[in-house]
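Dear colleague,

I am handing over the structure below, together with some notes on what was found in it. Please read the notes with the model open beside you.

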Amino acid sequence: MTKNRDQYYHADDLKKFTHIGQFGKELADKFFDYYGSVFADGALTAREKSLIALAVAHVVQCPYCIDAYATDATEKGYSEKQMMEAVHVAAAIRSGSSLVHSVQMMNKVNEISM
Amino acid sequence: MLQKSLSFRHNPLASPANQLEILEHEAHIPSFNEKLAEAGLQPLRARKLEIFQINIGKMCNQTCGHCHVDAGPDRKEIMTRSTMQQCLDALSQLDVKTVDITGGAPEMNPDFRWFVTELKKLGKHVIVRCNLTILLANKKFNDLPDFYRDNNVEIASSLPFFTSDRTDRQRGEGVFSSSIAALQMLNAAGYGKAGTGLILNLVYNPSGAFLPAGQDQMEKDFKSELRKNYGIEFNKLFCITNMPISRFLEYLIKSENYERYMERLLSAFNPAAAQNVMCLNTLSVGWDGTLYDCDFNQMLELTVGTPAKHISNLNIDMLSNRSIQTNQHCYGCTAGTGSSCSGATV
């Protein structure tokens, strides 16, 4: 079946993530090994990491990551309310990071103003 | 919430043959038997029989969206007292210590209390799969917690989540609040309380097309939320995967999740879970006395692979080491940390 390539994102492509090794196996293997270690239980649980990943996925606006971690966080027992709060944390940091730059804007305006 | 069973609606999925057709041909995944063979586990063979799981009827006061039995108020198939007697006769000759009674809502069978009492006389450990809301469905059921306590029955009850939204989406409007009230009744009778010896286990199953994960963590969350919000205590939480059959299959197809769900089950196939599936030590008895390897096979009408297929002519020698009847739905019990009526298996 020929895929419509007029769109950049295809949900089915998430399943092909591991195929990135076809164009560079060594680095892909290192990445997936690292990825697996990062998401294993450690000082933070795999469950806590899943919620962090969900929040970060929204900041980097990766639809694949959002699909993957919305499913994973649901499977790991987070409620809709908890997941939405996590996304708000990410959104607050993102908007805060814009707004805190307004200090620079204010500094510059004050610098050039009488 | 679905108001009627597949059977009542004359839905094609009420037919086990139609379900098997879809399972075998409409998801593009390898056959379960091939997967077992790859793992060196084919065929699965039964071990020592330890649990009798008896389904005493499809009648239920609820019509849950995921029900693999297609149970509901409109189902009339229930076990007669004479078939129950055949079960008792067989059990009296067997070294099987545990009898797990399921349904439907088993309490709706008019011979339910008689059957439990007779099983206790045989010295069996009895588990009842109680849907909780039945305790409040009619005055005649209000004293069930006392009946359970007096007979030292172990209770296993479904509660899909500790919030009302997810629970009611799966089990019907108002089910969560009734379930909470029923759990408080069971706690008042001593169930789930430390030191009473009265066991109350809860069963979590996902309210959608996703898998359960992390039974231990989930149990901690359930305990903390139910205690904090409702003062409820319970013993263990069992996490169970939804099988892609019957009304859950209907949901998967309607919501266009079927293929994706089957792929998810396949990708999570775990040979360790396959070595601990519940059919290896369990025999399932249908409402009419027919024998199956598990309750899911029962609903798909996949009878045991031995010549004797009825409780009245049960042959323990033939059943021991029998080859388990498997099909694509078995991916449900072998995914991730495994799934059984007692939760995760690895």
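What span should the 13 residues of helix α3 (residues 63–75) of chain A have at 1.5 Å a residue, and how far apart are its end C-alpha atoms? Bearing in mind that this is a predicted model, the expected span is 18 Å and the end C-alpha atoms are 18 Å apart, so the two values agree.

The surroundings of this helix in chain A may be a good place to begin. The buried residues of α3(A) are Tyr69(A), Asp72(A), Ala73(A), Thr74(A) and Glu75(A), and what covers them includes α2 (46–59) and α4 (80–100) of chain A. Just after α3(A) comes Gly77(A), which takes a positive phi of about 95°. As for chain A as a whole, its domain assignment gives domain 1 (14–43) and domain 2 (48–114), and the centres of these two domains, taken over C-alpha atoms, are separated by 24 Å.

Next, the contact between the chains. Chain A brings seven residues to the contact, while chain B brings nine residues. On the side of chain A that touches chain B, α3(A) gives the most, with three residues, and the residues of that side divide into four polar, three charged and no nonpolar.

In chain B, I would look at a pair of helices. The axes of helix α7 (residues 164–171) of chain B and helix α8 (residues 175–188) of chain B come within 8 Å and cross at roughly 105°, which means that α7(B) is roughly perpendicular to α8(B). Where they meet, Ser164(B), Thr167(B), Asp168(B) and Arg171(B) in α7(B) are in contact with Val175(B), Phe176(B), Ser177(B) and Ser179(B) in α8(B); by class, this contact has two nonpolar, four polar and two charged residues.

Leu159(B), in the loop between β4 (154–158) and α7 of chain B, is in contact with residues of both helices: leaving aside its neighbours within four places in sequence, its contacts are Thr167(B), Ser179(B), Leu202(B) and Tyr204(B). Leu159(B) is buried because 24 other C-beta atoms lie within 10 Å, and its C-alpha atom is separated by 14 Å from that of Cys341(B), 182 residues apart along the chain.

Thr83(B), found in helix α3 (residues 81–92) of chain B, also counts as buried, because it has 23 C-beta neighbours inside 10 Å. Apart from neighbours within four places in sequence, Thr83(B) is in contact with Asp288(B), Gly289(B) and Ile311(B).

Some backbone details of chain B also deserve a check. Most residues other than glycine have a negative phi, and most peptide bonds are trans. A cis peptide bond nevertheless joins Gln42(B) and Pro43(B), with omega about 0°, and Pro43(B) is placed in the loop between α2 (32–38) and β1 (51–55) of chain B. Another cis peptide bond joins Gly103(B) and Gly104(B), with omega about 20°, and Gly104(B) lies in the loop between β2 (98–102) and α4 (112–121) of chain B.

Leu132(B), although not a glycine, has a positive phi of about 75°; Leu132(B) lies in the loop between β3 (125–129) and α5 (134–137) of chain B and is buried, with 25 other C-beta atoms within 10 Å. Asn152(B) likewise has a positive phi, near 50°, in the loop between α6 (144–150) and β4 of chain B, but Asn152(B) counts as partly exposed, with 13 C-beta neighbours inside 10 Å.

With best regards

Definitions and conventions: Residues numbered from 1 in each chain as written. Chains lettered and ligands numbered in written order. Predicted model: local features only at pLDDT ≥ 70, side-chain atom pairs only at ≥ 80, totals over all residues. Axes fitted to C-alpha atoms, helices over the stretch in contact; angles between N-to-C directions. Helix = DSSP H or I, 4+ residues; strand = E, 2+ residues; numbered from the N terminus. Parallel < 35°, antiparallel > 145°, perpendicular 65-115°, else oblique. Contact = placed C-beta atoms within 7 Å. Nonpolar A, V, L, I, M, F, W, Y, C, P; charged D, E, K, R; others polar. Expected span 1.5 Å × (residues − 1). Buried ≥ 20, exposed ≤ 12 C-beta atoms within 10 Å, placed from the backbone. Domains from an automatic or database assignment.
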